[in-house]
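Biologist: I am new to this structure and would like to go through it with you, one question at a time. Could you put it on the screen before we begin?

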Amino acid sequence: MSQAQSLDALVRALQRLPGVGVKSASRMAFHLLQHDRDAALQLAQALQQAVQGVRHCALCNTFTEDEICPTCLDPQRDAGQLCVVETPADQAALERTGAYRGLYFVLMGRLSPLDGVGAHDIALRRLFERVAQPPPHEVRELILATNFTAEGEATAHVITQLLKTLQVKVTRLARGVPIGSELEYVDLGTIAHALADRR
């Protein structure tokens, strides 16, 4: 493989990252090769180690290096609450708030028929099996924390329908006006949802 082919392959690989186009990928590739070859080698090694060492938690489906992640093993967590999120990044965002002390289930995606993502492409079956577990692993409340996009709403709706046969309380994250915002600058859909979900 020639140098130009190697560089093209690197640019194509970087383009697979979300939000990275050909120009950004080219800038990254040139920077790593021209100014920071040590960082390029560290990045390659870290990626290889992560791909080989990171897997899905047997209970919550998030990323972990062990069979069961530290969150699921934490005895201080409320095992009766299960918060369903789309991605490990969503789980990390909720954890940063410090406001939730239950357990999680990560779908690793959302339903999106237009993109060819159906019920078998995300972990809906594993979620159902997790919620259907008998005591002492009983889930009292399932909190739907999918994103407020059309796909996230559809996913939340399907989960609600799927779990109707089980005796579990299903709740959804509230939608509303962000703290510190002024109403005149908030989009109308958010205001409408805030009015509907007022308490």
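Biologist: In which sense do strand 5 and strand 6 pair?
Modeller: Please keep in mind that this is a predicted model. Strand 6 covers residues 169-172, and Ile-143 of the neighbouring strand stands opposite Thr-171 in strand 6. Between strand 5 and strand 6 there are four bridges, and the sense of the pairing is parallel.

Biologist: Which helix makes a β-α-β unit with strand 5 and strand 6?
Modeller: The unit is right-handed, and strand 5 and strand 6 are its two strands. The helix that belongs with them covers residues 150-162, and is helix 7.

Biologist: Which strand has Gln-81 standing opposite Glu-141 in strand 5?
Modeller: Gln-81 stands opposite Glu-141 in strand 5, and residues 78-85 make up strand 3. This strand pairs with strand 5 in the parallel sense over four bridges, so by its residue range the strand that holds Gln-81 is strand 3.

Biologist: Which residues point the other way from Glu-141 and Ile-143 in strand 5?
Modeller: In a regular strand the side chains alternate between the two faces of the sheet. Strand 5 covers residues 141-144, all of them buried, and Glu-141 and Ile-143 point one way. Those pointing the other way are Leu-142 and Leu-144.

Biologist: Where around helix 2 do the buried residues lie?
Modeller: Helix 2 covers residues 22-35, and Ala-25, Ser-26, Ala-29 and Leu-32 are buried there. Because they cover an arc of only 135 degrees around the axis, they lie on the same side of helix 2.

Notes. Residues are numbered from 1 along each chain as its sequence is written. This is a predicted model: local features need pLDDT of at least 70, side-chain atom pairs count only at pLDDT 80 or more; totals for chains, interfaces and linings use all residues. Side-chain values use heavy atoms; hydrogens and water are left out. The expected span of a helix is 1.5 Å times one less than its number of residues. Buried means under 20% relative accessible area, exposed over 50%, partly exposed in between (1.4 Å probe, protein chains only). The arc is that of the directions from the helix axis to the C-beta atoms. Two strands pair if DSSP finds at least two bridges between them. A crossover is right-handed if, with the strands pointing away from the viewer, the path from the first strand over the helix to the second runs clockwise.
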